[in-house]
Amino acid sequence: MSVKGSQFHSIIQGIFGTVNNYLQSEQIQICCPKCQEADGLSEPDGKFNLEISTENGMFRCWKCADPTFSGSLGKLIKMYGNKGDYEIYKSLGGNDFNYNYEEIDEDAIPIVINLPEEFILFSEVDSKNKDHMEAYNYMVIDRQVSRDILNKYRIGFCTTGIYAKRIIVPSYNEFGDINYFVGRTYDPKVLNKYKYKNPEVDKNRIIFNEGFINWDSTVYLVEGAFEMVSFPVNIIPMLGKTIYNKLFLKLKEMKPNVVILLDPDAYKNAIEIFYKLNSIYVDCEEKVSIVVLPTEEDLDELRKNKGHEEVIKSLYSARKLTVDDYFKTKLEKPYEKKSYRGYTNNSKYSKWG
């Protein structure tokens, strides 16, 4: 039997945790977050009073009264999920009827980013300048990044200005224009306090270094820009542990083979991304796989300590999820570390964190 609206079930599970009738019925139940707030509970109440019809895209809590907590599924996701959850909901055909709000088409506004004025390419290093050589030695000697990789990705550094003593890893869109950059310090005095300094850009609107990506080949998803230099073949830094909107929608459109390769401490995040991608890779789920690194080292540390061969060996271990993966994800409490991001009634536009 086909379950209408089942494509939304994984989004709901990702936000609220346990879902009664998950993938079994159009009528599913979750523990009401509004009841949890009203009762001052740190965890869901376990009563599953909130019912959702994924066929009609509506919800209602049968306990909440004065006023009744009900409305569209889009409203519920917007209130308790993040912007990425809501964009995925819309991309899968979700409607937000019966809920009025104003939206800005941010994608219509071009991203204008300039590299710092003090930016120096590594291909322009002056070997007689000690400040230049400090940055060069950090990347080539300490981090063991080859000059070919530095040149390929047009990586540079700054010795003065607000990005002084920072490596600058730029991102270029599909047209070759700058749309972001990562500024990572190599100054040991501030390493533990201000490691990164990046421009104020909505990362939901970019795909880091999309200009280097071949969508007809396997795409590797990693966390940070420095993982990109560890295995510089069709690799996309997500700039965090979640998949942002533009990248998600691009994968939905192109459906390349994709390998999720996050740091060891982001194991559950990797599984969550796996589930989200499976929800859009209908009839081609075999194209999505995951790598669990064999040590506590991240990809870049693995390369530095054990060489490229060990990185390649890890990539060959890409696999599907197992039963153990499923049960380990259940160890995390629903809503844990979620602060009910977003949805403010006192603002002109709805906001998400």
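What is the mean pLDDT of the protein, and how many of its residues reach 70 or more? Here are my notes, starting with that point.

1. **Confidence.** This is a predicted model, in which local features need pLDDT of at least 70 and side-chain atom pairs count only at pLDDT 80 or more, while totals for chains, interfaces and linings use all residues. Residues are numbered from 1 along each chain as its sequence is written, and side-chain values use heavy atoms, with hydrogens and water left out. The mean pLDDT (the predictor's confidence in each residue, from 0 to 100) is 83 for the protein, and 87% of its residues reach 70 or more. Over residues 98-104 the pLDDT is below 50, and this stretch has 17 contacts in the model beyond near neighbours in sequence; a contact means heavy atoms within 4.5 Å. Residues 333-353 also have pLDDT below 50, with 43 contacts in the model beyond near neighbours in sequence.

2. **Overall make-up.** The protein has 12 helices and 12 strands. These are DSSP runs numbered from the N terminus: helices are H or I with at least four residues, and strands are E with at least two. Of the 353 residues, 49% are buried, where buried means under 20% relative accessible area, exposed means over 50%, and partly exposed lies in between (1.4 Å probe, protein chains only). The protein exposes about 18000 Å², and carbon and sulfur atoms supply 47% of that area; accessible areas come from the Shrake-Rupley method with a 1.4 Å probe, and for residues only the protein chains shown count as cover. Among contacts between residues at least 6 apart in sequence, 58% join residues at least 24 apart.

3. **Aromatic pairs.** A search of the whole structure gives 10 aromatic pairs. For this count, rings of Phe, Tyr and Trp (its six-membered ring) pair if their centres lie within 6.5 Å; planes under 30 degrees apart are stacked, those over 60 are edge-to-face, and the rest are tilted. Phe8 and Tyr89 make one tilted pair, with 5.0 Å centre to centre and 55 degrees between the planes. Phe8 lies in the segment before α1 (9-16) and Tyr89 in helix α4 (residues 83-91), so the pair ties together parts that are 81 residues apart in sequence. Both Phe8 and Tyr89 are buried, and they form one aromatic cluster with Tyr86.

4. **Charges over rings.** Tyr86 also has a lysine for company: Lys78 lies over the face of Tyr86, at 4.6 Å from the ring centre. The charged end of Lys34 sits over the ring of Phe69, 5.1 Å from its centre. The rule here asks for NZ of Lys or CZ of Arg within 6 Å of the ring centre and within 35 degrees of the ring normal.

5. **Helix α3 and Ile12.** Lys78 belongs to α3, together with Leu73, Gly74, Lys75, Leu76, Ile77, Met79 and Tyr80, and these residues are buried. Helix α3 (residues 73-80) is mostly covered, with eight of its eight residues buried. Ile12, in helix α1, is buried, with a relative accessible area of 0%. Leaving out residues up to four places away in sequence, Ile12 touches Gly17, Val19, Ile28, Ile30, Ile52, Thr54 and Leu73. The C-alpha atoms of Ile12 and Tyr80 are 9.8 Å apart, across 68 residues along the chain.

6. **Cysteines.** Why is Cys32 not bonded to Cys61? The sulfur of Cys61 is the closest cysteine sulfur to that of Cys32, but at 3.6 Å it is too far for a bond. The sulfur of Cys61 is 3.5 Å from its closest cysteine sulfur, in Cys64, again too far for a bond. With a disulfide defined as a pair of cysteine sulfur atoms within 2.5 Å, the count is zero. Cys32 is buried at 1% relative accessibility, and Cys61 is buried at 0%.

7. **Two glutamates in loops.** Where does Glu223 sit? Glu223 is in the loop between β9 (219-222) and α7 (225-228), and it counts as buried at 9% relative accessibility. Beyond neighbours within four places in sequence, the contacts of Glu223 include Pro237, Lys241, Leu261 and Asp265. Glu118, in the loop between α4 and β5 (120-121), is partly exposed at 28% relative accessibility. Not counting residues up to four places away in sequence, Glu118 touches Phe157, Cys158, Thr160 and Gly161. Glu118 and Tyr163 are 45 residues apart in sequence and 8.0 Å apart in space, C-alpha to C-alpha.
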